[in-house]
Amino acid sequence: MLWLAARGRLNTADRVHGEICTRCVLCNEDEETHGHLFFNCSFTAGIWAVTGRRAQVRWPANDQDIFHWASLNLQGILDAKHIIAKLILSSTVYFVWYERNNRIFKHQFTPREQIQKDIIGLVRDRLSTILTSKIHFSSIIRDDWGLTGEEARVIGPAQA
Ligand SMILES: [Zn+2]
């Protein structure tokens with residue numbers, strides 16, 4: 001899914017309707033395009049701000065380039081900070097897409113604060129379950145993510 005999002009291939013309204021755009025269900029302010037939904041939308045931008053702080057990553061100012069930036073900056077670097085950033089990135093894209101579909105197809109609305117919590121929770125779960133002996137987690141990161149003892153001492157390649 002991240003791969004599709006990176007190429008603008010998810011079926012956002014601009015792709016489904018061609019010229020005819022539909023209003024974004026996350027902010028109700030602008031037309032839904034791929035770039036709007038994932039980056040320029042005020043709803044999504046708020047999520048990026050919070051998750052970026054949590055990952056201690058400053059996402060690129062030019063939002064459309066975030067996937068390109070990630071491929072340059074996050075790919076193949078297996079330390080804790082980069083793995084966290086990658087997990088946050090993929091989880092944020094996933095949850096934004098999921099929320100958008102829930103609103104359109106199920107008329108279920110989840111507040112932004114809850115989505116942020118869900119993203120952090122998912123990343124935390126994955127951090128605590130992915131294990132190898134290659135990567136060291138500093139005590140600062142362990143404390144920050146509420147990871148304890150042996151389970152968090154080392155972690156393996158992200159699966160995202
Ligand atoms: Zn929007």
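Which exposed residues does the face of helix 4 turned away from its buried side carry? The question is taken up below, after an outline of the fold.

The structure is a predicted model. The protein contains 9 helices and 2 strands, and along the sequence these elements follow the pattern α-α-α-α-α-α-α-β-α-α-β. The protein has 160 residues, of which 28% count as buried. Among contacts with a separation of 6 or more, 52% are between residues 24 or more positions apart.

Helix 4 covers residues 42–55. Its 14 residues, at 1.5 Å a residue, should span 20 Å, and the end C-alpha atoms lie 20 Å apart, so the expected span and the model agree. The buried residues of this helix are T44, I47, W48, T51 and A55. They cover an arc of only 100 degrees around the axis, which means that they sit on the same side of helix 4. An α-helix has 3.6 residues a turn, so residues three or four places apart point the same way.

The cover over the buried residues of helix 4 includes helix 3 (34–40), helix 6 (80–106) and helix 7 (112–129). On the face turned away from the buried side, helix 4 carries the exposed residues A49 and R53, which answers the opening question. Just after helix 4, Q56 adopts a positive phi of about 55 degrees.

Technical notes:
Residues are numbered from 1 along each chain as its sequence is written. This is a predicted model: local features need pLDDT of at least 70, side-chain atom pairs count only at pLDDT 80 or more; totals for chains, interfaces and linings use all residues. Helices (H or I, at least four residues) and strands (E, at least two) are DSSP runs, numbered from the N terminus. A residue is buried if 20 or more other C-beta atoms lie within 10 Å of its own, exposed if 12 or fewer, and partly exposed in between; C-beta atoms are placed from the backbone. Two residues are in contact if their C-beta atoms, placed from the backbone, lie within 7 Å. The expected span of a helix is 1.5 Å times one less than its number of residues. The arc is that of the directions from the helix axis to the C-beta atoms.
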